Amino acid sequence: MPPETPKATQPGVITIERHILMEQEKFPDSSGALTSLLYDIALAGKLIASRTQRAGLADILGSAGHENVQGEDVQKLDVYAQRTIYQLNDHTGRLCCMASEESKDIIPIPEQYPNGEYVLVFDPLDGSTNIDFNVAVGTIFAIFRRRSKSGPGRMEDVLQSGREIVAGGYLVYGSSTMLVYTTGHGVNGFTLDPSIGEFLLSHPNVRIPDQAKYYSVNQGYEKYWTEGVRRYTRWLQGEEGSSMSLSQRYIGSMVADVHRTLFGGGVFYYPADTKDPKKPTGKLRLLYEAVPMAYVIEQAGGYGSTGRGPILDVKPEALHQRTPVFIGNRDVVGKAEEFIAKYDR
Ligand code: AHG
Ligand code: MN
Ligand code: MN
C-alpha cells in the first residue's frame, strides 16, 4: 500500500521565503521581482544581525571616524550595514536606484548591471548612537515602483509620497532579531532562528492593541517643544482632563520604540523642535524612517501623523527631508493633532 500523499495543509513552520511566495500569489501578474527583492532584504538582515550580535568583538564598535550627510558621526556598524544592503542589491536588475540615510544623493545602479522596476530607500542602521551600549538597533526600508520609464533611476523615482509605497518594514536587532513587513495586505512578523539561519513566521497578521499602554518621547527636549506638544504630553500623563494612565518608555532607537508601540499599544513621537535651526521640523527623516514606519502601523490599524496630517500624504521635496512624527494608536495620535491645531497656530 503506497504511503498516503499528505494533503496540502498550512505547514506548521512558515519561513519568510514561503510567506513571501504566498503573498506573491495575491499579485497574479507579478514578475516575482518584488518577491526576490524582499528575499534580498531578509538576507541583508541576517548578515547585519550576525555582525550586530557580536559587535563588541568584531571591531565594529565606535565611530568610523567620519561624518555622514546628516552631520552625524558614522558608526562602523552603519558602514557595514550600508555596504551589505548595497552589495546585495546593486547587481540583481530589480532596482533602478537606491537611496540611503548614509548617502547624500541617490545611489545609481552600476552601469554594468541592468536597471530594474523598483526603488529601495533605507536607513541601514537606525539607533546608531545606541550600538556601543548594547541597546536594540534596526534597519528600516521602503520599496516603490519607478516612475521614470527606463534607464538609470532619477530623483523623481525616489521622491514619492508614502501613498505610492509598494512594501515597507523594518528589522529590529534586539534580544531576538525580527523582520516586520507589509505589502499592503496586513503586517507579519518573523523571528530569526539563529540555529537554522531562517526567519520564521512568529507574529502573523499583527494588529496594534486597542488599549494604549506606553507613551514614548525624549522628554529631555521638552523645553524646545511647542505649547500644543507640551499640553499633549500632559494629557498623556493624565492631566489636561484626560483619563489616560500610560507608562513612559524611550529607547532612542526609532525602530525599537515603534516596534514596542506596534506590539504594546500607545504612541511614539519625535515632535518638531525649535532648539536646532538645522532640524526645525524635528530629527526624523520622512522618506526612510517616518514613511515606512507609518505604513506598517497603518496596515496594523494605527496611524502615523506629522502632527498636522498623515505622514503618508507628504510628498517629499528633498531626499533627507525631516518631519515631526507621531505614530501609534489612531485615537491617541489623533489627540496630538487636536492639541497642535488648538495651541500651535
Ligand atoms: P539614526 O541612528 O538612523 O540616525 O536614527 C536615530 C534616530 C532614531 O532612531 C531615534 O528615534 C532618534 O534618533 C533618537 O534621537 P534623540 O537621541 O535625539 O532622542
Ligand atoms: Mn534612523
Ligand atoms: Mn541610521
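**Figure 1. Residues around ligand 1 in the predicted model.** The shell around ligand 1 holds 19 residues, and those that come nearest are Asp126, Gly127, Ser128, Tyr250 and Tyr270. By residue class, the shell around ligand 1 divides into seven nonpolar, five polar and seven charged residues.

**Figure 2. Polar contacts of ligand 1 with Leu125, Ser128 and Lys283.** Two of the contacts shown use the protein backbone. At Ser128, a polar backbone atom is 2.8 Å from an oxygen atom of ligand 1. At Leu125, a backbone N or O atom lies 3.3 Å from an oxygen atom of the ligand. Lys283 takes part through its side chain, with a polar atom 3.0 Å from an oxygen atom of ligand 1. On its own, ligand 1 has 470 Å² of accessible area, and the protein covers 91% of this area.

**Figure 3. Strands S5 and S13 beside ligand 1.** Strand S5 (118-126) and strand S13 (266-270) are the elements that give two or more residues to the shell around ligand 1. S5 gives the most, with three residues.

**Figure 4. Ligand 1 between domain 1 and domain 2.** The domain assignment of the protein gives domain 1, residues 16-205, and domain 2, residues 214-343. Ligand 1 lies between the two domains because both give residues to the shell around it. The C-alpha centres of domain 1 and domain 2 are 23 Å apart.

**Figure 5. The interface of domain 1 with domain 2.** On the domain 1 side, 49 residues are in contact with 34 residues of domain 2. The two domains bury about 3000 Å² between them, and carbon and sulfur atoms give 63% of that area. Within domain 1, the residues that lose the most area to domain 2 are Leu159, Arg163 and Tyr170. Together, Leu159, Arg163 and Tyr170 account for 21% of what the domain 1 side buries.

Conventions: Residues numbered from 1 in each chain as written. Chains lettered and ligands numbered in written order. Predicted model: local features only at pLDDT ≥ 70, side-chain atom pairs only at ≥ 80, totals over all residues. Heavy atoms only, no water. Near = heavy atom within 4 Å. Polar contact = N/O pair within 3.5 Å; in protein donor to acceptor, adjacent residues only side chain to side chain. Areas by Shrake-Rupley, 256 points an atom, 1.4 Å probe, with all protein chains shown as cover. Helix = DSSP H or I, 4+ residues; strand = E, 2+ residues; numbered from the N terminus. Nonpolar A, V, L, I, M, F, W, Y, C, P; charged D, E, K, R; others polar. Domains from an automatic or database assignment. Contact = heavy atoms within 4.5 Å. Buried area = accessible area lost by both parts, 1.4 Å probe.
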